[in-house]
Amino acid sequence: MSSSWCCKNNSISDVDDLPLSGVRVLELGQLIAGPFCGQLLGHFGAEVIKIEPPSVGDPLRTWRELDVDGVSPWFRSLGRNKKNMTIDLRQDEGRALVKRLAVKSDVIVENFKPGTLEKWGLGPSALHPLNPSLIFTRVSGYGQTGPWSSRPGFASVCEAESGFRYINGFVDPETNALSGPPVRPNMSLGDSVAGLHAAFGTVLALLSRQRNSGVKGGQTVDVSIMESMLNLMEGIIPEYDRKGKVRGPSGSTVTGIVPTNCVPLLTFTNNTFYPNIYRHWGERRHANRHRVARQAEIEEAISDWTRVRPVEEVVDVLEKAGVPVGRVASVKEILENEHLKARGAVEDVWVGSRAKTRWAAPGLGEHTDDILTKELGLDTKELARLRESGIIA
């Protein structure tokens with residue numbers, strides 16, 4: 001299982017010692033953005049209760065490769081450290097159960113289309129009278145307000161609208177615009193970036209609540225996938241605002257910084273390290289602004305030098321020269337990487353085991369009875385009735 005965040009304090013093993021211990025999160029979202037936020041909060045100690053539709057569950061359970069039990073390993077990873085319930089939010093009685101759980105929770109995480117929770121009577125105006133300090137973390141394509149708020153938004157679309165896709169691809173030398181379609185990263189980057197923003201916003205809202213304990217009124221963390229991607233766009237907006245420069249695609253390089261190119265199987269970067277490359281070759285080159293003017297010549301020289309040498313030799317020579325250089329690694333090579341092993345960045349986690357990752361995603365509805373019994377006081381007869389009517393499974 002991939003563990004994307006590393007605690008420096010490796011002695012932390014008990015969930016009670018983790019920074020978000022004691023925080024209860026209801027996760028109502030599906031697929032990637034909301035659940036990734038929940039995964040990050042759970043990794044650092046929050047009690048995350050994921051609520052899924054009875055019988056079918058989160059669609060991500062059956063996306064891509066499936067394990068021997070028919071569940072996606074991706075879902076197992078994204079759902080780690082969470083408890084799991086099945087409740088039918090389309091039915092009044094199911095929504096009533098969620099409302100009762102919300103009264104006992106600190107945060108609701110959701111990534112439905114804006115207005116869905118309000119339609120179900122589970123929005124801030126309905127729940128804040130019952131739990132004034134409840135934090136709503138809401139992830140959507142374009143945010144909860146504005147003329148586009150009602151539009152459905154997925155990562156692929158929002159990446160395009162943010163300008164991210166426009167600068168990723170290969171340049172048409174005649175127009176300096178895209179030559180053909182943009183190159184898409186082979187992942188839903190916008191969803192994960194939005195999930196990161198959502199987790200960060202949730203922690204800030206929890207900190208604000210703690211520092212203003214006498215003030216009632218839970219905050220809403222409004223995260224837009226489009227704006228989350230826009231937040232990654234570095235100097236593109238100020239460059240256009242101040243200089244009228246529209247940055248376009250640049251293949252495998254970064255516009256205006258030389259060298260930052262990829263050559264087959266390798267990538268490396270520049271500036272204070274750039275002189276080290278040419279010192280090794282016994283040559284002298286100028287500052288970055290001069291190198292930009294000679295980009296093609298410099299990149300061709302680097303490619304010619306690397307093309308006739310084994311990857312291992314190139315990496316060894318450039319590392320000894322103080323040049324940041326890296327292989328373009330496949331997942332097989334990532335799992336064999338000695339540095340990542342030493343950092344504990346990737347773990348093997350058995351379903352149900354407890355480690356730094358305490359458990360992989362539980363089965364659909366695994367904790368339904370336990371939570372409804374302990375938190376809401378329902379007895380076995382009431383559970384049986386709810387199951388009979390399809391409210392839970």
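Ser55 lies in the loop between strand E2 (47-52) and helix H2 (73-78). In this predicted model, Ser55 has a positive phi of about 70 degrees, although the residue is not a glycine. Ser55 counts as exposed because its relative accessibility is 65%, and the cut-off for exposed is over 50%. Another residue with a positive phi is Glu234, where the angle is near 50 degrees and the residue is again other than glycine. Glu234 sits in the loop between helix H8 (225-230) and helix H9 (236-243). With a relative accessible area of 65%, Glu234 is exposed.

Strand E2, which comes before the loop of Ser55, belongs to an open sheet. Six strands make up this sheet, in the order E3-E2-E1-E4-E5-E6, and their pairing is parallel. Strand E3 (82-86) and strand E6 (220-224) are the edge strands, each of them pairing on one side only. From one strand to the next, the twist averages 20 degrees. In a regular strand, side chains alternate between the two faces of the sheet.

At one edge, E2 and E3 run parallel and are joined by five bridges. Ile49 has Lys83 in E3 as its bridge partner. Is E3, as an edge strand, enclosed or open? Four of the five residues of E3 are buried, so the strand is largely enclosed by the rest of the structure. At the other edge, strand E5 (residues 135-140) pairs with E6 in the parallel sense, over five bridges. Here Arg138 stands opposite Asp222 in E6.

The next topic is charged side chains. How many salt bridges does a search of the whole structure find? The search finds 23. One of them joins Glu52 to Arg61, with the closest N and O atoms 2.9 Å apart. Both partners fall under the 20% cut-off for buried residues: Glu52 is buried because its relative accessibility is 1%, and Arg61 is buried with a relative accessible area of 7%.

A salt bridge also forms between Glu161 and Arg151, where the closest N and O atoms are 3.6 Å apart. Glu161 lies in helix H6 (residues 155-161) and Arg151 in the loop between E5 and H6, so this pair ties together parts that are 10 residues apart in sequence. Glu161 counts as partly exposed, at 34% relative accessibility, and Arg151 is partly exposed too, with a relative accessible area of 31%.

Arg309 and Glu313 meet through their side chains in a further salt bridge, at 3.5 Å from N to O. Arg309 is partly exposed, its relative accessible area being 29%, and Glu313 is partly exposed at 35% relative accessibility. Elsewhere, Arg24, Glu47, Lys83 and Glu375 are joined into one network by salt bridges that share partners. Lys83, named in this network, is the residue that serves as bridge partner of Ile49 in the sheet.

Glu313 falls within the residue range of helix H13, residues 311-320. Which residues of H13 are buried? They are Val311, Val314, Val315, Val317 and Leu318. An α-helix has 3.6 residues a turn, so residues three or four places apart point the same way. After H13 comes Gly322, whose phi is positive, near 80 degrees.

Nonpolar residues also appear on the surface. Val331, Ile334, Leu335 and Val346 form a nonpolar patch there, with about 330 Å² of accessible area together. Val346 lies in the loop between helix H15 (338-343) and helix H16 (368-376). Because its relative accessibility is 33%, Val346 counts as partly exposed.

Cysteines are the last topic. How many disulfides does the structure hold? The count is zero. Cys37 is buried, with a relative accessible area of 0%, and Cys158 counts as buried at 0% relative accessibility.

Technical notes: Residues numbered from 1 in each chain as written. Heavy atoms only, no water. Disulfide = S-S within 2.5 Å. Buried < 20%, exposed > 50% of the residue type's maximum accessible area, 1.4 Å probe, protein only. Patch = residues over 30% accessible without salt bridge, like charges linked within 9 Å, V, L, I, M, F, W, Y side chains within 5 Å. Areas by Shrake-Rupley, 256 points an atom, 1.4 Å probe, with all protein chains shown as cover. Salt bridge = Lys/Arg side-chain N within 4 Å of Asp/Glu carboxyl O. Helix = DSSP H or I, 4+ residues; strand = E, 2+ residues; numbered from the N terminus. Pairing = 2+ DSSP bridges. Axes fitted to C-alpha atoms, helices over the stretch in contact; angles between N-to-C directions.
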